[in-house]
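Please read the sequence and the coordinates together, and keep both in view while following the account below. The path goes from strand pairing to the helices around it.

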Amino acid sequence: MDGKNSLESSKPMTVYVWDMDETLILLKSLLDGTYAEAFNGSKDKRKGIEIGKQWENHILQVCDEHFFYEEIEDYNEPYLDALNEYDDGRDLSKYNFHNDGFGFPYDDWNKRKMAYRHRAIQEKYSQGLYKILDQQTVKNWNDMYNLTDSYTDGWLSSAHALLKQTLKRTKCQNINVLVTSGSLIPSLAKCLLYQLDDVIPANNVYSSWEVGKLRCFSWIKERFASENVRFCVIGDGNEECEAAQTMGWPFIRIDHRPISPYRFPGLTMKSVLSYIDVAYESSDANVEETIE
């Protein structure tokens, strides 16, 4: 290992484990009106519901037209690299996905075909939607993003800005990981549509749909394990809270109500770091006390 790599590996690392829905983005609370209701009449509930419905249409369109979703909906995997052992590295530039016979039974042969699809999806994700959507669709998508950000007082842009801040810190390595209870392919589509692809790479997106968040957290701990690593979970649900407690990781609960400081805009890098520092100092103190 050269000096530079040795220096990088010795740097402290913080892994931020984010929930998606009702944390980095708002969708369910728009659709059921609970976001607007929290503002006691100052938000147009019907407008929020309509915005949510339009997002559902955008997500399904990207999934179906670009991510093979109609074919693979029933074959959810927890992350894109889950089938790497089945991928023989074949050149996919001229591969005919529409006529390769993918389907039931989900045996080793079909898992290879699924691995090809995962690789193609990862390549499209790395390109970004600007490269795969036509000009009018891109305009509609950007308009939808700006409308939503305005309606939610900057929730989307503030969340994105905080994730970007985590990656700019130079004294330690920082990694953003997403663990969502939704299935994998729509979650990747959401990352692209909500403009999170520049702060969360495709292989850092995990779906807990079938395996649960605790299992995903265990994979993440194993993947990033080192002496200098710290983890922090940010989300709105009980499942990620309980999983974080089991792992011994600090948990910050997001609350979309306007009175909460743990929302967007509102949550800051300073408050997140303070919370992590306190949690890990307390943990270290407990360890020292046990040793004594």
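**From the sheet to the helices**

Tyr 16 stands opposite Asn 176 in β2, and β1 and β2 pair in the parallel sense over six bridges, where pairing requires that DSSP finds at least two bridges between two strands. Helices (H or I, at least four residues) and strands (E, at least two) are DSSP runs, numbered from the N terminus. The model is a predicted one, in which local features need pLDDT of at least 70 and side-chain atom pairs count only at pLDDT 80 or more, while totals for chains, interfaces and linings use all residues. Residues are numbered from 1 along each chain as its sequence is written, and side-chain values use heavy atoms, with hydrogens and water left out.

Tyr 16 also stands opposite Cys 232 in β4, and six bridges join β1 to β4, which run parallel. The wider arrangement is an open sheet of five strands in the order β3-β2-β1-β4-β5, with parallel pairing. The edges are held by β3 (205-207) and β5 (251-253), each of which has a single partner strand, so one side of each is left without a neighbour in the sheet. From one strand to the next, the twist averages 20°.

Towards one edge, strand β2 (residues 173-180) is joined to β3 by three bridges, the two running parallel; Leu 178 has Val 205 of β3 as its bridge partner, and Val 179 has Tyr 206 of β3. Towards the other edge, three bridges join β4 to the parallel strand β5, where Phe 251 is the bridge partner of Val 233. Seven of the eight residues of β2 are buried, so β2 is largely enclosed by the rest of the structure; buried means under 20% relative accessible area, exposed over 50%, and partly exposed in between (1.4 Å probe, protein chains only). Strand β4 is likewise mostly covered, with six of its seven residues buried.

Which strands does helix α11 lie across? Helix α11 (residues 213-224) lies across β1 (13-18), β2, β3 and β4 (229-235), running at about 160° to β2. Helix α10 (residues 184-193) lies across β2 and β3, at about 145° to β3. Axes here are lines fitted to C-alpha atoms, for helices over the stretch in contact, and angles run from 0 to 180 degrees between N-to-C directions; contact means heavy atoms within 4.5 Å.

Among the helix pairs, α4 (residues 45-66) and α8 (residues 135-151) pack at an angle of about 145°, with their axes 11 Å apart. The residues making this contact include Ile 51, Trp 55 and His 58 of α4 and Trp 141, Met 144 and Thr 148 of α8. Helix α8 has 17 residues, which at 1.5 Å a residue should span 24 Å, and its end C-alpha atoms are 24 Å apart, which agrees; the expected span is 1.5 Å times one less than the number of residues. Its buried residues, among them Trp 141, Met 144 and Thr 148, pack against α2 (28-31), α3 (34-37), α4, α7 (129-132), α9 (155-168) and α10.

Val 62 is placed in helix α4. At 3% relative accessibility, Val 62 counts as buried. Not counting residues up to four places away in sequence, Val 62 touches Phe 67, Leu 129, Ala 189 and Leu 193. The C-alpha atoms of Val 62 and Leu 129 are separated by 9.1 Å, although the two residues are 67 residues apart along the chain.
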